[in-house]
Amino acid sequence: MIRSLAVVGTGLIGTSVALAAARRGVTVHLLDASASALRTAELLGAGTTRPPEEPVDLAVLAVPPSKVADVLSEQQARGLARSYTDVASVKAGPERDVLARAPRPTHFVGGHPLAGRERSGPLAARPDLFQDRVWVLTPSRLTSKPAFDRALDLIDLCGGVPTVMQSGAHDETVALTSHAPHLMASLVAARLGGRSPVSALLVGQGFRDATRIARGEARLWTDIIETNAAEVAGVLTALQTDLTELLTAVQDLSVRDPRNRARSRRNLTGLLERGIAALEALPAPVAADTAHVDVTITARPGELARLLDTAAGYGAGADTVAAPVTPHGGDGPLVIRFELAAAEAETLAEKLAAAGWDVVHEDDVRDETEPALVGAPG
């Protein structure tokens, strides 16, 4: 049983792990190079920034894949925990580095919860993010049973579903199911850049659905793709073959060549039918007309969590927080910005003001490209 936990990296995943564990009564210690992300996670009630007085039961390394071995070595040298795991979405490369460089590789087991959101940072975190979601463990040939068992306990605390895989098999799979799709979404989204403002008026839900995940933090995703480059290249090569066939079919249809038209229609229809068979539920539409509500709060621990709980009661969850927690000098007040449909924003502003919060409400906020607070990658 895990009684104490350390989370290194208070981004989306790290803070979600911390929130889930804290709600189950686990003492959680938070570490992060970003003072802003660390402070935000603490205000959310994810744990304490005080260092542990003795080794915790388990440390979760919520850092980019390329940093796992270095951070593990550093934390093992300082004696942070009895066991260690990570949450990076690439496993084989970090595992090789851990076996080569970590002081005690037997105390480590690789992990990857298959859960996330398009927004980054601690403000996007949710304690139920991992509920009923697959959480992969990739024990190496040296992983000890205590380390493995503590990782299983963590998954249980977070409500996840444990699955054991070899690191190489994991990376081959996520290259297809996660990494390549992210690149495809980014390519499609980037084609909109440089077009006339009129083009933006024609961006419908189909485009938003296809490109939603492209909002992910660029430096983190560069690290992920680089760490799993060989597997991603294999998927892209296969997609290139498919795209070449698709392009041939569409070009044939564009010139209306009767000799190739029937075949090209069959090829195109076959592709569309295969895509339909694989579709998942689409996200809810994003409101076109939005507004923001700014709320000034004190820096008392738990104050941010209290605000978010209050706002949630009026239909504004943490995912509507659209701008960073903004310090106004030292330990002074903080401003939290909610962005949501104009009518809902007006109601939220009225309700929060009536509840005693310091509120400013402004209309006509239309920039939907700004991510939430970007802290250490989670």
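Which strand is joined to E4 by two bridges, and do the two run parallel or antiparallel? In this predicted model, the partner is strand E5, residues 108-113, and the two strands run parallel.

## Strand E4 and its neighbours

Let's start with E4 itself, which spans residues 81-86. Five of its six residues are buried, so the strand is largely enclosed by the rest of the structure.

On one pairing, E4 meets strand E3 (residues 56-61) through five bridges, and this pair is parallel as well. If you would like a spot to begin tracing the pairing, look at Val56, which stands opposite Ala81 of E4. For the E5 pairing, a handy landmark is Thr85, whose bridge partner in E5 is Val109.

## How the chain gets across

Now follow the connections. From E3 the chain passes through helix H3, residues 68-78, before reaching E4, and this β-α-β crossover is right-handed.

Going on from E4, helix H4 (residues 92-101) leads into the next unit: E4, H4 and E5 together make a β-α-β unit that is right-handed too.

## A nonpolar patch on the surface

Finally, take a look at the surface. Leu114, Val134 and Val161 form a nonpolar patch there, and together they have about 190 Å² of accessible area.

One of these residues, Val161, belongs to strand E7, which covers residues 161-164. Its relative accessibility is 37%, so Val161 counts as partly exposed, a class that lies between the buried limit of under 20% and the exposed limit of over 50%.

Notes
Residues are numbered from 1 along each chain as its sequence is written. This is a predicted model: local features need pLDDT of at least 70, side-chain atom pairs count only at pLDDT 80 or more; totals for chains, interfaces and linings use all residues. Side-chain values use heavy atoms; hydrogens and water are left out. Buried means under 20% relative accessible area, exposed over 50%, partly exposed in between (1.4 Å probe, protein chains only). Helices (H or I, at least four residues) and strands (E, at least two) are DSSP runs, numbered from the N terminus. Two strands pair if DSSP finds at least two bridges between them. A crossover is right-handed if, with the strands pointing away from the viewer, the path from the first strand over the helix to the second runs clockwise. Patches are made of residues with over 30% relative accessible area and no salt bridge: like charges are joined within 9 Å, nonpolar side chains (Val, Leu, Ile, Met, Phe, Trp, Tyr) within 5 Å. Accessible areas come from the Shrake-Rupley method with a 1.4 Å probe; for residues, only the protein chains shown count as cover. A salt bridge is a side-chain nitrogen of Lys or Arg within 4 Å of a carboxyl oxygen of Asp or Glu.
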